[in-house]
Structure formats: structure tokens, C-alpha cells
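Colleague: I would like a close look at a single part of this model. Please take one residue and build outwards from there.

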Amino acid sequence: MAYSVNKVTLLGNVGADPEVRYTKSGKAVAQLRVATEEGWGDKKRTEWHSVVVWDKLAELAGNLAPKGSKVCVTGRLQTREYQDRDGNTRKATEVVAQDVVFLGSGKAESRGPGRSAEQRQPQRQGGGGYAAPPGVPYADDADIPFAPVV
């Protein structure tokens, strides 16, 4: 039996005010740039991550995650292709957020998609695997329109 995991957790600072847009069907989508640092002393390195947030969570990010605020993002990595303005095919790798905790005000304020704090915790199953909390389905690719956010 083959196992695979696509899970990303980022704890970092928002690099610019989130850009919130709406799809033709009215779904909110926000683009966040999150900076993380690693290293020590003079040997620090900053890595920038592109994060896509959907629906009510996107609207909250637009209001609660201004430039410079600290966030904790949990989601999955996704690579997509799109056409740039010149017609060239480009690839973008981004984190599709499933949960965002806004830490900028000094107290953690979790704004997951309609889930309580207890439901957001991974639940341990036999064999060491993790499952979605009861009654909370994971979104599959068919639920997410992948139009480029430009």
C-alpha cells in the first residue's frame, strides 16, 4: 500500500496587504505572500511563499492579515499552469490554505472554515495516520477553479 502526504505548515509574516478578488461565481479568493526565515545570526535566509485562500477565509484574511502581521497557515502544495499576458505558459507553485491563524494582534484568533478549535486538531487513527475531523470533508480538486490570480 502506497502512502503519500501533501501538507504544509507555515509560520511567518505577511509581506503585503492581501489581494482579495472574486470569481465569476462569486467565490472570494485572496493571494497572500508569506515570508519565513531560517538560519541564525548573520546567516539568515528569507523564503517567500505564495498562499491562496478561498471563500470566507479569504475575506477574513483581507481584513485580518495586513502587511507585517504574523500568520500560521496550514494547507497543501499545488502547482498549476497558466498563460501570462504575452501568451507564454508559466508554472506557479503555491500553498492552498485550509486553515489560517491570525497572530498579528498578539493573541491567536483562528478562522478556519466553520470549524471549532477541537475539530481543527488532527485526530489520531490506528497505524499512525491522520484523518479529517468527523463531518469535515477535505476539498478535492473538482471544488476549486484554478484560474490564475493576476
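What is the relative accessible area of Glu59, and is the residue buried, partly exposed or exposed? Please set the answer in the context of the helix around Glu59, then of the rest of the chain.

Modeller: One caution first: this is a predicted model. Glu59 has a relative accessible area of 29%. That makes Glu59 partly exposed, because the buried class ends at 20% and the exposed class begins over 50%.

Now the partner. Glu59 makes a salt bridge with Lys56. The closest N and O atoms of this pair are 3.9 Å apart. The cut-off is 4 Å, so the pair counts. Side chains of opposite charge can pair when their charged atoms come close. Lys56 is exposed, at 55% relative accessibility. Glu59, at 29%, is partly exposed.

Both residues belong to helix H1, which covers residues 55–64. They sit 3 residues apart in sequence, about one turn of the helix.

Next, the two sides of H1. Leu57, Ala58, Leu60 and Ala61 are buried. Looking down the axis of H1, these buried residues fall within an arc of 165 degrees, so they line one face of the helix. The face turned away from that buried side carries the exposed residues Lys56 and Asn63. Lys56 is thus part of two descriptions: the salt bridge with Glu59, and the exposed face of H1.

What covers the buried residues of H1? The cover includes four strands. In sequence order they are E2 (19–22), E3 (28–38), E4 (45–54) and E6 (89–102).

The Glu59 pair has company. The structure holds 6 salt bridges. One of them joins Arg45 and Glu47, with the closest N and O atoms 3.2 Å apart. Arg45 is partly exposed at 47%. Glu47 is partly exposed as well, at 32%. Glu38 joins Arg45 and Glu47 in a network of salt bridges.

Another salt bridge pairs Asp84 with Arg90, at 3.0 Å from N to O. Here the two partners fall in separate classes. Asp84 is buried, with a relative accessible area of 17%. Arg90 is partly exposed, at 40%.

For a buried residue in a strand, take Thr74. Thr74 lies in strand E5, residues 70–83. Its relative accessible area is 18%, which places Thr74 in the buried class. Beyond its neighbours within four places in sequence, Thr74 is in contact with Lys7, Val8 and Thr9. It is also in contact with Ala97, Gln98 and Asp99.

Last, the chain as a whole. There are 2 helices and 9 strands. Along the sequence the pattern reads β-β-β-β-α-β-β-β-α-β-β. The chain has 150 residues, and 33% of them are buried. Take the contacts with a separation of 6 or more: residues 24 or more positions apart account for 51% of them. The accessible surface comes to about 10,000 Å². Carbon and sulfur atoms hold 50% of that area.

Back to your residue. Glu59 is partly exposed at 29%, and its salt-bridge partner Lys56 is about one turn of H1 away.

Technical notes
Residues numbered from 1 in each chain as written. Predicted model: local features only at pLDDT ≥ 70, side-chain atom pairs only at ≥ 80, totals over all residues. Heavy atoms only, no water. Salt bridge = Lys/Arg side-chain N within 4 Å of Asp/Glu carboxyl O. Buried < 20%, exposed > 50% of the residue type's maximum accessible area, 1.4 Å probe, protein only. Arc of directions from axis to C-beta. Contact = heavy atoms within 4.5 Å. Areas by Shrake-Rupley, 256 points an atom, 1.4 Å probe, with all protein chains shown as cover.
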